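Visitor: I should like to learn how the features of a structural model are read. Please take me through them one at a time.

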Amino acid sequence: QVQLVESGGGLVQAGGSLRLSCAASGSFWSVNEMGWYCQAPGKQRELVAEITSVGSITYADAVKGRFTISRDNAKNTVYLQMDSLKPEDTAVYYCMARIKPDRYYNYQRFWGQGTQVTVSS
């Protein structure tokens, strides 16, 4: 069974930094895109950043220049370095990975349990 295990997050003052990590565990064939989404109260879940298995990266406009996504393919782990945090970055951050469970199956989207990031002003 595939699991995405997140770590990091917490409370930080505006201008501070946090680092999120997410590791895919269990039995699976391969991992394609990995990334981070966020959901603030009363809002829909939205993309923060994604990175493909070959390193192609997409960032939301709101985080360009402040957040950096990276991954370690050998560890099936994705990271999100968040710098210059703002109160409006406050949200639950979810790890996402598109994983092929078996060579006979298509890629499926899996989600982590979410980790709270709170930025105080």
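Guide: The dialogue that follows takes up aromatic rings, the nonpolar core, the pocket and some single residues. This is a predicted model, in which local features need pLDDT of at least 70 and side-chain atom pairs count only at pLDDT 80 or more, while totals for chains, interfaces and linings use all residues. Residues are numbered from 1 along each chain as its sequence is written, and side-chain values use heavy atoms, with hydrogens and water left out.

Visitor: How is a pair of aromatic rings described, and how many aromatic pairs are there by this rule?

Guide: The distance of the centres and the angle of the planes describe such a pair. Rings of Phe, Tyr and Trp (its six-membered ring) pair if their centres lie within 6.5 Å; planes under 30 degrees apart are stacked, over 60 edge-to-face, and the rest tilted. The count here is 1 aromatic pair. The ring centres of Tyr-37 and Trp-111 are 5.1 Å apart and the planes stand at 75 degrees, so the pair is edge-to-face.

Visitor: Which strands hold Tyr-37 and Trp-111?

Guide: Strands (E, at least two residues) are DSSP runs, numbered from the N terminus. Tyr-37 belongs to strand 4 (residues 30–39) and Trp-111 to strand 10 (residues 108–111), so the pair ties together parts that are 74 residues apart in sequence.

Visitor: Is Tyr-37 buried or exposed?

Guide: Buried means under 20% relative accessible area, exposed over 50%, and partly exposed in between (1.4 Å probe, protein chains only). Tyr-37 has 11% and is buried, whereas Trp-111, at 33%, is partly exposed.

Visitor: Which residue lies over the face of Trp-111?

Guide: A charge sits over a ring if NZ of Lys or CZ of Arg is within 6 Å of the ring centre and within 35 degrees of the ring normal. Arg-45 lies over Trp-111, at 4.6 Å from the ring centre. Lys-100 lies over the face of Tyr-107, at 5.5 Å from the centre of that ring.

Visitor: How many residues has the largest nonpolar core?

Guide: A nonpolar core is a set of buried Ala, Val, Leu, Ile, Met, Phe, Trp, Tyr and Cys residues joined through side-chain atoms within 4.5 Å. The largest has 31 residues, and those with the most contacts inside it are Trp-36, Val-48, Leu-80, Met-82, Tyr-93 and Ile-99. Among the elements giving two or more residues to this core are strand 3 (18–25), strand 7 (67–72) and strand 11 (115–120). Strand 9 gives the most, with 5 residues.

Visitor: Which strands supply the lining of the largest pocket?

Guide: Strand 4, strand 5 (46–51) and strand 9 (91–100) each supply at least two residues of that lining. The largest share, 3 residues, comes from strand 5.

Visitor: Where does Ser-84 lie, and what is the sign of its phi?

Guide: Ser-84 is in the loop between strand 8 and strand 9. Although Ser-84 is not a glycine, its phi is positive, at about 50 degrees. Its relative accessible area of 41% makes Ser-84 partly exposed. Asn-76, in the loop between strand 7 and strand 8, is likewise not a glycine and has a positive phi of about 50 degrees.

Visitor: How far apart are the C-alpha atoms of Ser-7 and Leu-20?

Guide: They are separated by 5.8 Å, with the two positions 13 residues apart along the chain counted as their separation. Ser-7 is in strand 1 (residues 3–7).

Note on methods
Helices (H or I, at least four residues) and strands (E, at least two) are DSSP runs, numbered from the N terminus.
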